[in-house]
Amino acid sequence: MLKGLLLALASIVFLLWIEQGIEVSYIWKTMAKVILFLVIPLILFRKTKLTFLEIKRTDRTSLRIALFSGLAVMFVIIAAFIVLMPSIDIDSLLLDLIERAGVTAIVFPIVALYILIGNSLLEEFFFRGLLPSFFKNKFARLLLPSLLFAIYHVAIFLPWFSLPILLLAVAGLWIGGFIFQLANERSGTILPSWIIHMFADIGVLLVGVYIFYFH
């Protein structure tokens, strides 16, 4: 458990430094994330049986719950953006995406496809698969990986929002991560949370479509 928590904390701090401390393109940030969230864990825990990847064991009830939960999360994200839009500096957000991350309207569809499938699976593997496997206590398994998941996203949101909205976003991510993990408890696989995560990303990406092409 300790090794897993130290790995998670070190990875989050390192990614925060990459996001805010140095100026690199999105592809380099993605490569760093793959190394920290996938390659290094597979090396360090190569003897660990990754039962959470046995998605064929996922029962239909869990899948139905994931589908409806995912749709609900997607609509909540879109509604939250609409409500909070007057408080968000969209021009600064767009400028930051272009200048700091190198994400433009031209490359956005490619980035969006990666976020929807690749990035969501990568985060589910790390935050909903590997980290929860270190905790035998259900309460800790539901709350701690979800909290680390929320803190990790501070690195992305930090320059975009004011402090109240940032705290609201982190709280929402913590609750979302809790829901993601709860969806996996029945089957013990990451497929339900991955489905919900992809729907959540669809909501975020639809906001991105508005920002890049209609704002």
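Helices here are DSSP runs of H or I that span at least four residues, numbered from the N terminus. Ser193 lies in one of them, helix H9. The model is predicted.

The surroundings of Ser193 were examined at the outset. Ser193 has a relative accessibility of 0%. Ser193 is therefore buried, the limit being under 20% relative accessible area. A polar atom of the Ser193 side chain lies 3.1 Å from the backbone oxygen of Ile190. Leaving aside residues up to four places away in sequence, Ser193 touches Glu124, Arg128, Phe180 and Asn184.

Two of these neighbours, Glu124 and Arg128, pair with each other. Their side chains form a salt bridge, with N and O 2.8 Å apart. Both residues belong to helix H5. They are 4 residues apart, about one turn of the helix. Arg128 is buried, and Glu124 is buried as well. Ser193 of helix H9 thus touches both partners of this bridge.

The whole structure holds 5 salt bridges. Another of them joins Lys33 to Glu123, at 2.6 Å from N to O. This pair connects distant parts of the chain. Lys33 is in helix H2 and Glu123 is in helix H5, 90 residues apart. Lys33 has a relative accessible area of 7% and is buried. Glu123 is buried too, at 1% relative accessibility.

The bridge between Arg57 and Glu54 has another setting. Its closest N and O atoms are 2.9 Å apart. Arg57 is partly exposed, at 43% relative accessibility. Glu54 is also partly exposed, with a relative accessible area of 34%. Both values fall between the 20% limit for buried and the 50% limit for exposed, so neither residue counts as buried.

Nonpolar packing was examined next. In soluble globular proteins, nonpolar side chains tend to be buried together. The largest nonpolar core in the model comprises 37 residues. Leu15, Phe37, Phe126, Phe127, Leu130 and Leu131 have the most contacts inside it. Helices H1 (2-20), H2 (26-44), H3 (60-84), H5 (108-130), H6 (138-152), H8 (163-184) and H9 (191-213) each give two or more residues to this core. Helix H9 supplies the largest share, 6 residues. A second core is separate from the first and has 17 residues. Among them are Ile88, Leu93, Leu94 and Phe108.

Helix H5 recurs in these results. Helix H5 carries Glu123 of the bridge to Lys33 and the pair Arg128 and Glu124. Helix H5 also gives two or more residues to the largest core.

Technical notes
Residues numbered from 1 in each chain as written. Predicted model: local features only at pLDDT ≥ 70, side-chain atom pairs only at ≥ 80, totals over all residues. Heavy atoms only, no water. Core = buried A, V, L, I, M, F, W, Y, C linked by side-chain atoms within 4.5 Å. Buried < 20%, exposed > 50% of the residue type's maximum accessible area, 1.4 Å probe, protein only. Salt bridge = Lys/Arg side-chain N within 4 Å of Asp/Glu carboxyl O. Polar contact = N/O pair within 3.5 Å; in protein donor to acceptor, adjacent residues only side chain to side chain. Contact = heavy atoms within 4.5 Å.
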